[in-house]
Amino acid sequence: MKIGEKLVRYAKKARLFNLMSTVRNDEEIELLRENALLVSRTLAEVAKHIKPEITTLELDRLAEQFIRDHGAEPGFLGYRGFPNTLCISVNSVVVHGIPSAYRLREGDVVSVDCGTRLKGYCGDTAYTFAVGTITPETANLLKVTKESLYKGIEAAKAGNRVGDISNAVQNHVERFGFSVVREMVGHAVGREIHERPDVPNHGRRGNGPKLRSGMVLCIEPMINMGRKDIFQENDGWTVRTRDRKPSAHYELTVAIRNGKADVLSTFEFIEQVLKN
Ligand code: MG
Ligand code: MG
C-alpha cells in the first residue's frame, strides 16, 4: 500500500510541522490567558497556607478544590499518570515532587507547580516559596532564579530565537555561581500542556527555532544552588539534585504578541498574599 504509506508519512510530517510552528490567534490567546490567570490565583490560594506543619497533600487538596470551584480541571492530575494536582518540590527536589504527608518546616523552600484545563486549553505556572525564615544563600537562589525568568521574558520577542531566551536565563544565574538543570525545559503551551518548541534554560544566542507573534511559551528556569546534576527517584517522578543542595523553579506563561512578550500568568496575586 504505497499510497497509504505516503499518506501516513505526509500526515506525520504535517503534524510535526504544525507542532513546531503553532501560532495562536487572539481568541486562543485569551483562552490561554484565562487558564494562566486561574493557575495564578490557585497559587495565591496555596500561598495563604504555606507555613510550618501543613502537609504537602493538604496544599494539593485545596488547590484541586479551588480549580474545580472555578469550573476547570487540574491539568497535571492523570497527566502521564501523575497522581496529583500540584507538583510540590521541597528543598533538594527540583521538580515533579508528589504531594505527601510531609509537613513543611521552618527554613524549607517549596516549589509549587500547577496546571489547569479550561475551555479546551491549558495553564501552567510555578512559584518557589520560603517557609518562614530561610538562609540568606537560599533566599538569593530564589531571587536570582526569579530574576532569570524575567531576563528570559525580555528576550521573548519576534525575530529572536529560543536560544536567546535560554542564553539570557543561563547568563544571569551563572553570574551568581548557580547552575542550570539541563534535562528539563520550558515549552510551548496550547491545547496540550507540553507543546513544541522546547524552551531550554541554557543555550546559545541565535540558536533554535525562531520566535513569532502568536507563539505561547512557558518559560521556567530550574536552577540549582550547587551542581547541575540531578537524578530521578524510584517513584518515577521526583527529580532531586545529586548534591542534595536546594533548587528553585519559577514559571510564567508568555504570549508573543505584536512582536513582544505579553505575560499571561502573573505572580501578583501570590506576592499580594506574601506581603500580608
Ligand atoms: Mg509547570
Ligand atoms: Mg511547564
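Strands β3 and β12 (residues 239–241) run antiparallel and are joined by two bridges. Val-95 faces Val-239 of β12 across this pairing. The model is predicted. Its other main topic here is a pair of magnesium ions, which lie 3.1 Å apart and are bridged by Asp-124.

**The β3-β12-β11 sheet**
- Three strands make up an open sheet, ordered β3-β12-β11, with antiparallel pairing.
- β3 (93–95) and β11 (230–232) are the edge strands. Each has a single partner strand, so one side of each is left without a neighbour in the sheet.
- From one strand to the next, the twist averages 40°.

**Magnesium ion (ligand 1)**
- The protein donors are Asp-113 (OD), listed twice, Asp-124 (OD) and Glu-251 (OE). They lie 2.0 to 2.4 Å from the ion.
- The donor residues follow the sequence spacing D-x10-D-x126-E.
- Asp-113 sits in strand β4 (residues 109–118), and Asp-124 sits in strand β5 (residues 121–130). These two residues are 11 residues apart.
- Both Asp-113 and Asp-124 are buried.

**Magnesium ion (ligand 2)**
- Asp-124 (OD), His-187 (NE2), Glu-220 (OE) and Glu-251 (OE) coordinate this ion, at 2.1 to 2.2 Å.
- The spacing of the donor residues in sequence is D-x62-H-x32-E-x30-E.
- His-187 belongs to strand β7 (residues 186–188), while Glu-220 belongs to the loop between β9 (216–219) and β10 (222–224). The pair therefore ties together parts that are 33 residues apart in sequence.
- His-187 has a relative accessible area of 2%, so it is buried.
- Glu-220 counts as buried because its relative accessibility is 5%, and the cut-off for buried is under 20%.

**What the two sites share**
- Asp-124 bridges the magnesium ion (ligand 2) and the magnesium ion (ligand 1).
- Glu-251 (OE) is among the donors of ligand 1, and Glu-251 (OE) is also listed for ligand 2.

**The β7-β8 hairpin**
- β7 is the strand that holds His-187. Three bridges join β7 to strand β8 (residues 195–199), and the two run antiparallel.
- Six residues separate β7 and β8, which form a hairpin.
- Opposite His-187 stands Asp-198 in β8. His-187 thus has a place in the strand pairing and, through NE2, in the coordination of ligand 2.

Definitions and conventions
Residues are numbered from 1 along each chain as its sequence is written. Chains are lettered from A and ligands numbered from 1 in the order in which they are written. This is a predicted model: local features need pLDDT of at least 70, side-chain atom pairs count only at pLDDT 80 or more; totals for chains, interfaces and linings use all residues. Side-chain values use heavy atoms; hydrogens and water are left out. Donors are N, O and S atoms within 2.8 Å of the metal (3.2 Å for Na, K and Ca); water is not among the atoms, so sites may look incomplete. Helices (H or I, at least four residues) and strands (E, at least two) are DSSP runs, numbered from the N terminus. Buried means under 20% relative accessible area, exposed over 50%, partly exposed in between (1.4 Å probe, protein chains only). Two strands pair if DSSP finds at least two bridges between them. Axes are lines fitted to C-alpha atoms, for helices over the stretch in contact, and angles run from 0 to 180 degrees between N-to-C directions.
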